[in-house]
Amino acid sequence: MVYTTKPLRLEQTRKLATWQFLRNIRQRWILLLLLALAFLWITNMSPLWAGICIIAIYGLVLLLCWLRSRRIWARECERFNTPGFLTITDAGVLIEYEGMSSYYPWYIYKDATMVDDVLVLTMAGMQDICWNLESSTGQQRTSLLEFARSHVRTDKGVRIAPPRSVLSTTTVAQPGTRAEALEMGDIALTQRKVYSPWYWVVIVLIETAFLIICSLYTLEWGFDKDPSCTLAIVLFAWFIFRAIRTLIHPGLPMLRRSIQAYGRPGGEPCERIADGRSEYIIYKNSRWIRADYAAMTDPLLGHHVAVCRIKNTTFAYPRGSEPALFANAGRYKRSRKPFIIILLGIIPMLAAAAYSIYMLPHFPLSYLTWLLGLR
């Protein structure tokens, strides 16, 4: 069965964003609730203020997650804005559009659904791939969805063999070290524009405010009288560390998933060959990709890897082994603006905390300021 795919419309991406947001939030609401209850237990708030704080915290976090999901899917339009063909067989799915084709066996997919005439197939790690099939009839889409749901996680039928070049081929090097894989993830997320540092900036500032509040409580009552505040300080410090580490290396979660899934930083082992015009990536699980060099765009040179892409599919090469299209490539530079905003946001918080210690006599450090003649 062959289906013609169309570019995603803005209304479709918004519905996809809402669908993915509701699916993901079911996995996180318990953690969010536990964090909110832990903070309220530590601060000993009244029931009224506790309810107000829970609603405010949840409202802010859910709003940020929803806006982030909408932005990601709006960017994903770029990935699916090229008309193409979707070939469905008993053994897998063949995707073809200008400059690239790829094949995935059914057992790679974990779930299938239809959102506003868009077929969504979910891979491991909750990665979604979708195609706009509104040019097909409603009956065809219903039959396709039933067929896909009956075939996901299965391994049957005759698989489509990867194309072989008739010209002389050369082996293409692939990233394999931790440093190469980490930088590849950083550049890939930056190019795809699905990663927003400002989300993590807001998270760091909120968690820093909670950390300072808990620290002031601890200074007032002492570490031994209220150990829950000490525990909260450790937890918020850990969350801040993880958020800042993600700001420095946004590709770190991708690296962790790669090591967990394949036991190596560079991702799934594969064979990469090229004939000067196209590159063929063949995986051991019968998945394969054919990419034309002429269709690759946005080449960037990092310290360890060279990265380009076709739509939102990223291709990376160790430095020194990149194709000729990188002759005039730009340099990858990490933005410093998020860290400047964090610093400008933390300074007023620290100043307010220092003022509280200086002016309120019941804080333990107030005696120290008096002893040093600072007041």
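## Exercises on a predicted model

Two bridges join strand β12 (residues 297-301) to β15, and these two strands run parallel. The model is a predicted one. The exercises begin with the sheet that holds this pair and then turn to the core, the rings and one buried threonine.

**Exercise 1. Work out the strand order of the sheet that contains β12, and say which strands stand at its edges.**

Step 1. Start with the partners of β12. On one side is β15, joined to β12 by two bridges in the parallel sense. Leu300 stands opposite Gly330 in β15, and Leu301 stands opposite Arg331 in that strand.

Step 2. Take the other partner. Strand β13 (residues 305-310) pairs with β12 over three bridges, in the antiparallel sense. Leu301 stands opposite Ala306 in β13. The link from β12 to β13 is a hairpin through three residues.

Step 3. Place the strands in a row. The open sheet has four strands in the order β14-β13-β12-β15, with mixed pairing. β14 (313-318) and β15 (330-331) each have a single partner strand, so they are the edges, and one side of each lacks a neighbour in the sheet.

**Exercise 2. Identify the residues that touch the most other members of the largest nonpolar core, and the helix that gives the most to it.**

Step 1. The largest nonpolar core has 40 residues. Leu86, Val93, Trp106, Tyr109, Leu121, Trp131 and Phe315 are the residues in it that touch the most other members.

Step 2. Helix α3 (residues 138-151) gives the most to this core, contributing four residues.

Step 3. Keep the second core apart. This separate set has 12 residues, including Leu205, Leu211, Phe236 and Leu247.

Step 4. For the background, 45% of the 375 residues in the protein are buried. The secondary structure comes to nine helices and 15 strands.

**Exercise 3. Classify the ring pair Tyr104 and Tyr109, and decide whether each residue is buried or exposed.**

Step 1. A pair of aromatic rings is described by the distance of the centres and the angle of the planes. The whole structure holds seven aromatic pairs. For Tyr104 and Tyr109 the ring centres are 6.1 Å apart and the planes lie at 45°, so the pair is tilted.

Step 2. Burial is assigned under 20% relative accessible area. Tyr104 has 10%, so Tyr104 is buried. Tyr109, at 0% relative accessibility, is buried as well.

Step 3. Widen the view. Ring pairs link Tyr104, Trp106, Tyr109 and Phe147 into a cluster. Of these, Trp106 and Tyr109 are also among the residues that touch the most other members of the largest nonpolar core.

Step 4. Turn to a ring with a charge over it. The charged end of Arg287 sits over the ring of Tyr283, at 3.9 Å from the ring centre.

**Exercise 4. Describe the surroundings of Thr208.**

Step 1. Thr208 belongs to helix α5 (residues 197-221). Its relative accessible area is 6%, so Thr208 is buried.

Step 2. Look for a polar partner. A polar atom of the Thr208 side chain lies 2.6 Å from the backbone oxygen of Val204.

Step 3. List the contacts beyond the helix neighbourhood in sequence. Leaving out residues up to four places away, Thr208 touches Ile240, Ile346 and Met349.

Step 4. Set this beside the whole protein. Among contacts with a separation of 6 or more, 65% are between residues 24 or more positions apart.

Note on methods:
Residues numbered from 1 in each chain as written. Predicted model: local features only at pLDDT ≥ 70, side-chain atom pairs only at ≥ 80, totals over all residues. Heavy atoms only, no water. Pairing = 2+ DSSP bridges. Core = buried A, V, L, I, M, F, W, Y, C linked by side-chain atoms within 4.5 Å. Buried < 20%, exposed > 50% of the residue type's maximum accessible area, 1.4 Å probe, protein only. Phe/Tyr/Trp six-rings, centres within 6.5 Å; stacked < 30°, edge-to-face > 60°. Lys NZ or Arg CZ within 6 Å of the ring centre and 35° of its normal. Polar contact = N/O pair within 3.5 Å; in protein donor to acceptor, adjacent residues only side chain to side chain. Contact = heavy atoms within 4.5 Å.
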